Amino acid sequence: MKFEIIGAGALGLLFGAKLLNAGHEVTFWTRTNHQADLLTKQGYILEESDGSLHQIEASKFQAHQIKEAVKIGEYRENDWVFITTKQRHIDGELLSIIQSLHGERTGTLCFQNGMGHVEKILTSLKGRQIYTAVTTEGGKRIGTERVIRSGVGKTTIGIVERRSPKSDQREAEKGIYGDYRGESLVNTLDIAGFPAFLSKDIDREIFRKLLINAVVNPLTALWRIPNGELLETEERRKLLRQLCQEGAAIYQANGISYDPALYEQVSEVCRSTAGNISSMLNDVLQGVPTEVDFINGYLVEMGRSAGVSAPGHEMVWQLIRGLPSTNRISI
């Protein structure tokens, strides 16, 4: 298969490396010319969670600055476009570029946290099928030369069922090749080393992840701790419970299903990813904008529209927004 990966951060490079090693064709699309040049000159190293190293030779892949996509016509005939960039980067210019990477039968898979981006992509791609991924795969990028995989995770994909103005066209496409396409991708990812599953109700998975991210990510970012340390003191556990209870009330008011044992579910996520640094904490440590508007901000707005207050989520939302964006801290 031929994959176009938009965003050469830790997740994009991780998926790209495993797909390359499985014999697939991969092109990375980067935000800067500098990163594209470094990748094409020196390649990079994937370090698996067991410590094994895999050199990804530069000759195995291509890398281009993302704006070059509109000039390279050959990339219109590909199998999949993976969008692994941060949600804040999905603006009008990037959406236009994403369009240029799509051929007649190209599939689209989104990896973003939070909510709001899928509707933009659906509108931009004029009713095409959009798949989204809910993954517990994680990694840390060390410069441009190394990616460390935090552990073997689980990746669930599915067709987003939210409707666009051309939903009839999407339903027709789904009937022709939608299920086969999803099954084929799941098999490809599984063979490449990513345990993958196809969901018939991916929206449920998305809302489940939104709630977990809204509880775990801002607290780790504010306290500068890995996920597992959220359970170490009663003060931290108390705030975890509050955010879980507020989130559950918002979902109930909006008719969205959730696990009644939500706090226990979040606690298990903290234990199973104990050493992980959340994406929001990583953004704070790097001094770059976070995705808190699309996670806690989105949840708070859901609550307001249903007449449900969420003071805990509103507090952490504003606290994260108020952090100095240029303050870089080591951990």
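This is a short chat about a predicted model of one protein chain.

Visitor: What's in the chain, helices and strands-wise?
Guide: The protein chain has eleven helices and twelve strands.

Visitor: How does the radius of gyration sit against the globule rule?
Guide: The radius of gyration is 20 Å, close to the 20 Å that the rule gives for 331 residues, so the chain is as compact as a globular protein of that length.

Visitor: And what box do the C-alpha atoms fill?
Guide: Roughly 55 × 45 × 35 Å, along the principal axes.

Visitor: What share of the residues is buried?
Guide: Buried residues are 54% of the 331.

Visitor: What about contacts between residues 24 or more positions apart?
Guide: Such pairs account for 70% of the contacts with a separation of 6 or more.

Visitor: Switching to helices. At what angle do α6 and α7 pack?
Guide: About 150 degrees, with the axes 10 Å apart. Helix α6 covers residues 202-223, and α7 covers residues 234-253.

Visitor: Parallel or antiparallel, then?
Guide: Roughly antiparallel, because the angle is over 145 degrees.

Visitor: Is the crossing left-handed or right-handed?
Guide: The crossing of α6 and α7 is right-handed.

Visitor: Which residues meet there?
Guide: From α6, Phe207, Leu210, Leu211, Ala214, Val215, Leu219 and Trp223. Their partners in α7 are Arg236, Leu239, Leu240, Leu243, Cys244, Gly247, Ala248 and Tyr251.

Visitor: How does that contact split by class?
Guide: The contact of α6 with α7 has 13 nonpolar residues, one polar and one charged.

Visitor: Which one is the charged residue?
Guide: Arg236, in α7. Gly247, also in α7, is the polar one.

Methods:
Residues numbered from 1 in each chain as written. Predicted model: local features only at pLDDT ≥ 70, side-chain atom pairs only at ≥ 80, totals over all residues. Heavy atoms only, no water. Axes fitted to C-alpha atoms, helices over the stretch in contact; angles between N-to-C directions. Helix = DSSP H or I, 4+ residues; strand = E, 2+ residues; numbered from the N terminus. Parallel < 35°, antiparallel > 145°, perpendicular 65-115°, else oblique. Left-handed = near helix turned anticlockwise from the far one by under 90°. Contact = heavy atoms within 4.5 Å. Rg over C-alpha atoms; globule rule 2.2 N^0.38 Å. Buried < 20%, exposed > 50% of the residue type's maximum accessible area, 1.4 Å probe, protein only.
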